[in-house]
Amino acid sequence: MSILIIGAGHAGGAVAANLRQLGSDAPITIIGDEPYLPYQRPPLSKAWLKSDVVFAAVGLRPQSYYEQRGITLRLDARASSIDRGAHTITLASGETLGYRTLILATGARARRLGLVGEDLPNVHVLRTIADADHIKAALVAGRRLVVIGGGYIGLEVAASARLKGMDVLVVEREARLLARVASPPISAFMQSFHERQGVRFQLETGVTGFDVRDGRVAGVQLSSGETAAADMVLVGVGAVPNTELAQAAGITCSNGIAVDLEARTSDPDIFAIGDCTERPLLHYSCRARLESVASALEQARQAAAAICGGKAPAPEVPWFWSDQYDLKLQIAGLPIGATRIDVRGDMEQGKFAVAHLDGEGRLCAVEAVNAPAEYMAGRATIGKQRAG
Ligand SMILES: Cc1cc2nc3c(=O)[nH]c(=O)nc-3n(C[C@H](O)[C@H](O)[C@H](O)COP(=O)(O)OP(=O)(O)OC[C@H]3O[C@@H](n4cnc5c(N)ncnc54)[C@H](O)[C@@H]3O)c2cc1C
């Protein structure tokens, strides 16, 4: 009856706790390839870079929690294959572990550009505590940071670097920031807010290579033909789901490991949760891969309920947030099916919300900047209007 969880991240840690809360007394083992107990990643691009945040502030639960509940943690251990017929997994060490139920919570990894020089020590990505520690040590006043990618992580690091007094250039391939994840008014507002803090932007600009000098990247070659001088580079160009284990085992994958509303994969004994999955979104009658804590936690509850034979949790409206300087951006819903937007509040004062409405006037999504009441109300409205 044992339950094996691969991935000791937000989703993996949460599902173990959910299983115990629902009364499961099965032996539970979590396999994680990082050396840490399950922790939250959002602070890594925010508070972690700005202040002396210690692990206890980002860890999901203390070690004693797992010990007291009989949850075994195998850290610094990597699962390298799944044998579905034998109901076993093999670790990189060669050890084999059996399971009755397997939960894949393998998350995602930072996407790389594939350019020569990308592995040099002053070129960073941000996914783990180890990455965040390296970045934090390199954020030194007066140094030049080139951020490649104007998404959430790039902008959050840019904000922290400016607060430390660095010279910051953000290079973005698209014509606007946050192009994949936010509306044009939010992109424009964020750009001008960052510019007022001294961040420079080069939009519609790709990166073609790195200038390497003395074992470090000294410049970023741009598609415009220019080279941006750099003491440090952050590559923030998205994340790739860790689906290889599932794929090699013949589990159906598309843009992530395909799961149903119970977080079950194409193998009924194997569940998948979090950033590694492509999941159904009931409120929007579609499937998508979401990279958010809220989605990981919701799927952890779905899987735990299905495994314990409990009542399925009510579907949640997707939500997300980002902190930059003293701006709090909160997003509820997805703009799928929206035909118009309505900006409410005071953009000049940095307190406003963008509502996305469909042809029948129903709210699809709301993006709120320093407007938590608008966000909460929007989230509740979407839940009511789009239920079923
Ligand atoms: C810097 C940063 C900022 C973020 N900010 C926000 C935010 O503001 N709001 C928000 O909602 N979301 C944010 N996110 C996204 C959020 O952190 C993720 O959605 C969440 O961590 C997903 O949890 P997960 O457990 O699916 O994946 P992860 O937390 O990535 O955990 C997966 C774990 O599995 C391990 N693993 C993978 N393969 C194996 C294997 N074969 N064997 C053993 N272990 C394995 C990985 O190393 C990792 O430790 C942010 C992410 C980052 C990186």
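The ligand in this predicted model is surrounded by 36 residues, of which Gly7, Gly9, Arg41, Gly107 and Gly274 are the closest; a residue counts as near if its C-beta atom, placed from the backbone, lies within 6 Å of the molecule. Helix H1 (10-21), helix H9 (293-308) and strand S23 (319-324) are the elements that give two or more residues to this shell. Helices (H or I, at least four residues) and strands (E, at least two) are DSSP runs, numbered from the N terminus. At least three residues of the shell come from each of domain 1 (3-109 + 240-308) and domain 2 (112-237), with bounds taken from an automatic or database domain assignment. Residues are numbered from 1 along each chain as its sequence is written. Local features need pLDDT of at least 70 and side-chain atom pairs pLDDT 80 or more, whereas totals for chains, interfaces and linings use all residues.

Helix H9 comprises 16 residues and spans 22 Å from its first C-alpha to its last, close to the 22 Å expected at 1.5 Å a residue, the expected span being 1.5 Å times one less than the number of residues. Among the buried residues of H9 are Ser295, Glu298, Arg301 and Ile307; buried denotes 20 or more other C-beta atoms within 10 Å of the residue's own, these atoms being placed from the backbone. The cover over the buried residues of H9 includes strand S1 (3-6) and H1. Gly309, with a positive phi near 70 degrees, follows H9.

Val366 lies in strand S27 (residues 363-369) and counts as buried because it has 28 C-beta neighbours inside 10 Å. Beyond neighbours within four places in sequence, the contacts of Val366 include Ala332, Val354 and Tyr375, contact requiring backbone-placed C-beta atoms within 7 Å.

Notes:
Buried ≥ 20, exposed ≤ 12 C-beta atoms within 10 Å, placed from the backbone. Contact = placed C-beta atoms within 7 Å.
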